[in-house]
Amino acid sequence: SSCQNKERPAVWRRRALPARMLSAAAGEEVTAPCPMALRRVLHWQLPALEYAATCWRKHRLQPQRGLHRNIIEALQAAAGSENVSTTTAVREQHGKDESYHRCKPPDAVVWPQNVEQVSRMARICFENNVPIVPFGTSTGLEGGILAMKGGVCFDLTKMDKIVELNTVDFDVTVEPGVTRKGLNDYLRGSGLWFPVDPGADASLCGMAATSASGTNAVRYGTMRENVINLEVVLADGRIMYTAGQQRRFRKTSAGYNLTNLFVGSEGTLGIITKTTLRLYGIPEAMVSAVCSFPTVKAATDCTVQILQCGIPIARIEFLDDVMMDAFNKYSKLSYTVSSTLFLEFHGTEKGVEEQIEAAEEIVKMNSGSEFAWAKDQETRNKLWQARHSAWYAARALYPGYEGYSTDVCVPLSKLPEIIVATKEDLVRSNLAGPIVGHVGDGNFHCLMFVNPESEDEGRRMKEFTDRLARRALAMHGTCTGEHGIGVGKRHLLTEEIGAVGMQVMREIKAALDPKDIMNPGKVV
């Protein structure tokens, strides 16, 4: 498509290139012409010959943008014409997530209805060297759904069945269109719930793909600890079960851990089309509390001490003074504007009372305020809904500004030091934005807002985020606790993992995706 007639040199349009020379341009062996004939051809056709060679090199080395009609027709035959779109509005909708990265739309969007359709369409893409970008709910924060090289976006939202619920065995199998809230609504009345809670109502298979976690991770773990099995469509269309078809055991020592290979792979190794998840019994009692502190260090020291004392806290969230100001204004609440902890306790009635008593003593030792309680479900839901709206609350403080959220995770002993240093760095860098985090597992976020017309602010933001990540790495932490690598942290992953680790990752990628069509331009 890059060689349309209107783009060809005038010489190309006047004379057709001899077949013998076209063969030579393509690298085929031909019988040499006589010297005079060759001189005449080169005199008249050299510009066209050079242009042909250039086009061939570009076709061979660069991804083709735009899909041939035959590929679109093949996709329509596999999923139905109503489930394939190439309209600009639809493509742009599927080329942007919640990150600051610019829209990178795919060339087409498809909506498969089942794993067989995913497999057939993946095979079509594989045979035609077309990139594949899996799509869930577009709530990612590192550009994971951007179509960096065009291709086909696989929107999996129409695959929304809860395939199997096993209440006695505490597990459930779902398709990628099922979201976190949708599953817990379905489980209502069963006495079970799925506690991994990243805030957004994200797709559960998407959460597996990014190894998401959230506010409950300190007690119940991340997706990595709660995924039992995955159904995955590989780049060439083959269907694989990472723990064996229909397996849903609680533990295994059989073979390589393929499940955790795909958890956190961000769509670069395959398309997750089913996930089997652990479920938990709903606790007898749940109580939430809020307490404020005079300094950032006092709040983070309190967090570390609560965990060191072995209190089985279910949630412990940190919000700095800027975040609390935004929080109050956005959610129409009236908490103290200072460094604050949100806590939640789960267990039996007596167990929760004991946890609260121990936590209150530690809070007082760190000059914390009295607890403001949220004991009934309605009040608790309002509190945590407000916490989950932190991103939107912060954005409301800076209308017209572009937002960027970054996260890191460090060992608990380093948490007070890094949050204090990060707060000071934000002030020195003259950047606007709060700090909020799941500090119970050493993970926190910086939510920054910059004027989109200011190149200087954009540069300072990028320099700040790199310093933050490297500060975490220097403290034996990671450059991302739950957002993932996506397109924005690839250089930091290299620093974190090292050259040999990166090479092994690339070799795994090459083995599973030899044509590099699975979400190219991400992670490795």
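Which residue's backbone oxygen lies 2.8 Å from a polar atom of the side chain of Lys509? That oxygen belongs to Met518. Keep in mind that this is a predicted model, and let's look at the whole chain before coming back to this spot.

**The chain as a whole**

The protein chain has 524 residues, and 51% of them are buried. Its secondary structure comes to 20 helices and 18 strands. If you take the contacts with a separation of 6 or more, 71% of them join residues that sit 24 or more positions apart.

**Around Lys509**

Lys509 sits in helix α20, which covers residues 499-512. Is Lys509 buried or exposed? Its relative accessible area is 8%, so Lys509 is buried, the cut-off being under 20%. Leaving out residues up to four places away in sequence, Lys509 touches Thr268, Leu269, Pro514, Asp516, Met518 and Val524. Met518, then, turns up both in that list of touching residues and as the owner of the oxygen from the opening question. Gly270 gives you another way to place Lys509: these two are 239 residues apart in sequence, yet 9.8 Å apart in space, going C-alpha to C-alpha.

Here are the two distances from Lys509 side by side:

| From Lys509 | To | Distance |
|---|---|---|
| Polar side-chain atom of Lys509 | Backbone oxygen of Met518 | 2.8 Å |
| C-alpha of Lys509 | C-alpha of Gly270 | 9.8 Å |

**Two helices packed together**

Now for another part of the chain. Two packed helices are described by the angle between their axes and the distance between the axes. For helix α12 (residues 296-308) and helix α17 (residues 415-428), the angle is about 155° and the axes are 9 Å apart. An angle over 145 degrees counts as roughly antiparallel, so that is how α12 and α17 run relative to each other. Their crossing is right-handed.

Who does the touching? On the α12 side, Val296, Lys297, Thr300, Asp301, Thr303 and Val304 make the contact, and on the α17 side, Leu415, Pro416, Ile419 and Val420 do. Sorted by type, the residues of this contact come to 6 nonpolar, 2 polar and 2 charged.

Key:
Residues are numbered from 1 along each chain as its sequence is written. This is a predicted model: local features need pLDDT of at least 70, side-chain atom pairs count only at pLDDT 80 or more; totals for chains, interfaces and linings use all residues. Side-chain values use heavy atoms; hydrogens and water are left out. Axes are lines fitted to C-alpha atoms, for helices over the stretch in contact, and angles run from 0 to 180 degrees between N-to-C directions. Helices (H or I, at least four residues) and strands (E, at least two) are DSSP runs, numbered from the N terminus. Angles under 35 degrees count as roughly parallel, over 145 as roughly antiparallel, 65 to 115 as roughly perpendicular and the rest as oblique. A crossing is left-handed if the near helix is turned anticlockwise from the far one by less than a right angle, and right-handed if clockwise. Contact means heavy atoms within 4.5 Å. Ala, Val, Leu, Ile, Met, Phe, Trp, Tyr, Cys and Pro count as nonpolar, Asp, Glu, Lys and Arg as charged, and the others, Gly among them, as polar. Buried means under 20% relative accessible area, exposed over 50%, partly exposed in between (1.4 Å probe, protein chains only). A polar contact is a pair of N or O atoms within 3.5 Å; within protein, one must be able to donate a hydrogen and the other to accept it, and residues adjacent in sequence count only if both atoms are side-chain atoms.
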